[in-house]
Protein chains: 2
Amino acid sequence: MIELSDTNASAIAERFKALGEPMRLLLLEALRRGECSVGELAERTGGGQANVSKHLQVLLQQGYVDRRKEGTTSWYRITDPQVFRMCELVCGGLEQELDRKRKLLRRRK
Amino acid sequence: MIELSDTNASAIAERFKALGEPMRLLLLEALRRGECSVGELAERTGGGQANVSKHLQVLLQQGYVDRRKEGTTSWYRITDPQVFRMCELVCGGLEQELDRKRKLLRRRK
DNA sequence: TTCTTATATTACTAGGTAGTTGTACTTACT
DNA sequence: AGTAAGTACAACTACCTAGTAATATAAGAA
C-alpha cells in the first residue's frame, strides 16, 4: 500500500499536478462521454491541436487516459473512472470553501 | 452542485494544483497528527521557515488548512479530512500505474 | 527600551510550463 | 509517385513558481 511519505510524495504530487490544469480537466470531462480523437477533443474544448496533443501526453504519462491508434487518428479514453470521484471530492471542498468565504464577506458588512 | 464545466474548471484546477507539490503534501501529512506550528512543520518536513510559511499560505487560501494565532506563533490544522481520501485515491491510481508500467517492462524482455 | 522569538513578506534567481507556430511523420487515397 | 488528413514533436515566448536570503512585523522577556 502506497502512503503519503517523504519517498513518494513527488510521485503523488505529479499525479495531482496533472489534474491542476483547466484544459486537462476539460479534456477529461470531454472524454467522459467516451472514446474521442484528438481533433474532436480540440474542437470540444476550443484548444489548439498541438496544445491538446501535448496535454494528452501528460494525462497518458500519468495513466489517466489510454490511447489506441487507428490509421492516422489516435483514440483516447479514460482508463480509471476514479478520477471523477476525485473531481467530486475537490468540487465538494470547493463548495465548502465558497460558503466559508461568503460568510466572511457577510460578517464584514 | 458544482460540476466540471468550462466555467469553473479553473477554480477546480487551482485546488488540484495546491496538492501538486511534494512539500505541501508533506505538510498535510505532518498536520495529520494534529495542530502544529510553523517551526515544528519546518522541522518535521526539513524545509526552510520562509518556504514552509509560503506553502501554508497556499493551503490556507484553498481552504485545506486553518490557522489560529497565539502570541507570536501560528497554529495550523487540517480543516477538511477529505483531502486524505483524495490522497488515497491518487495513491491507488499510482499503484495501478506502477503495476502497468512493470508489466510493460516485463513484456519487453 | 532593548533583545529575543516566531512568523510573514519582499526581492531575487533558476527552472518549469502553457500556448503558439512551424514542421516532421505516418497512413490512406488517387 | 503525389496529395491530403491526423497527430506528434521541436523551438520559441511569456508567464508562473519553488526555494533562498534578507527584512518586516508582532509579541513577549529582560
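These are my notebook entries on a predicted model of protein chains with DNA strands.

**Conventions.** I number residues from 1 along each chain as its sequence is written, letter chains from A and number ligands from 1 in the order in which they are written. Since the model is predicted, local features need pLDDT of at least 70 and side-chain atom pairs count only at pLDDT 80 or more, while totals for chains, interfaces and linings use all residues; side-chain values use heavy atoms, with hydrogens and water left out.

**DNA strand C.** I looked up the protein residues around this strand, taking a residue as near if one of its heavy atoms lies within 4 Å. There are 20 around DNA strand C, and Asn51(A), Lys54(A), His55(A), Arg67(B) and Tyr76(B) come nearest. I find that 60% of the strand C atoms within 4 Å of the protein belong to sugar or phosphate, and the rest to bases. I then checked polar contacts (a pair of N or O atoms within 3.5 Å; within protein, one must be able to donate a hydrogen and the other to accept it, and residues adjacent in sequence count only if both atoms are side-chain atoms). His55(A) has a polar side-chain atom 2.6 Å from a phosphate oxygen of DNA strand C. For Arg67(B), a side-chain N or O atom is 2.9 Å from a phosphate oxygen of that strand, and for Arg24(A) the corresponding value is 3.2 Å. Two or more residues each come to the surface near DNA strand C from helix 4 (49-61) of chain A and from helix 3, helix 4 and strand 3 of chain B. Helices (H or I, at least four residues) and strands (E, at least two) are DSSP runs, numbered from the N terminus.

**DNA strand D.** I count 20 residues around DNA strand D, the closest being Gly39(A), Tyr76(A), Asn51(B), Lys54(B) and His55(B). Of the strand D atoms that come within 4 Å of the protein, 63% are sugar and phosphate. Tyr76(A) places a polar side-chain atom 2.8 Å from a phosphate oxygen of DNA strand D, and Asn51(B) also does so at 2.8 Å. Lys54(B) instead has a polar side-chain atom 2.9 Å from a base nitrogen of DNA strand D. The elements giving two or more residues to this surface are helix 3 (38-45), helix 4 and strand 3 of chain A, with helix 4 of chain B.

**Helices 2 and 3 of chain B.** I took buried as under 20% relative accessible area, exposed as over 50%, and partly exposed as in between (1.4 Å probe, protein chains only). In helix 3 of chain B (residues 38-45), Val38(B), Leu41(B), Ala42(B) and Thr45(B) are buried. They lie on the same side of the helix because they cover an arc of only 100° around its axis, the arc being that of the directions from the helix axis to the C-beta atoms. These buried residues pack against helix 2 (22-31), strand 1 (36-37), helix 4 (49-61) and strand 3 (73-78) of chain B. Gly46(B) follows helix 3 of chain B, with a positive phi near 80°. In helix 2 of chain B, eight of ten residues are buried, among them Met23(B), Arg24(B) and Leu31(B).

**Ser74(A).** This residue lies in strand 3 (residues 73-78) of chain A. Ser74(A) counts as buried because its relative accessibility is 15%. Leaving out residues up to four places away in sequence, I find that Ser74(A) touches Cys36(A), Ser37(A), Val38(A), Arg67(A), Arg68(A) and Lys69(A), where contact means heavy atoms within 4.5 Å.
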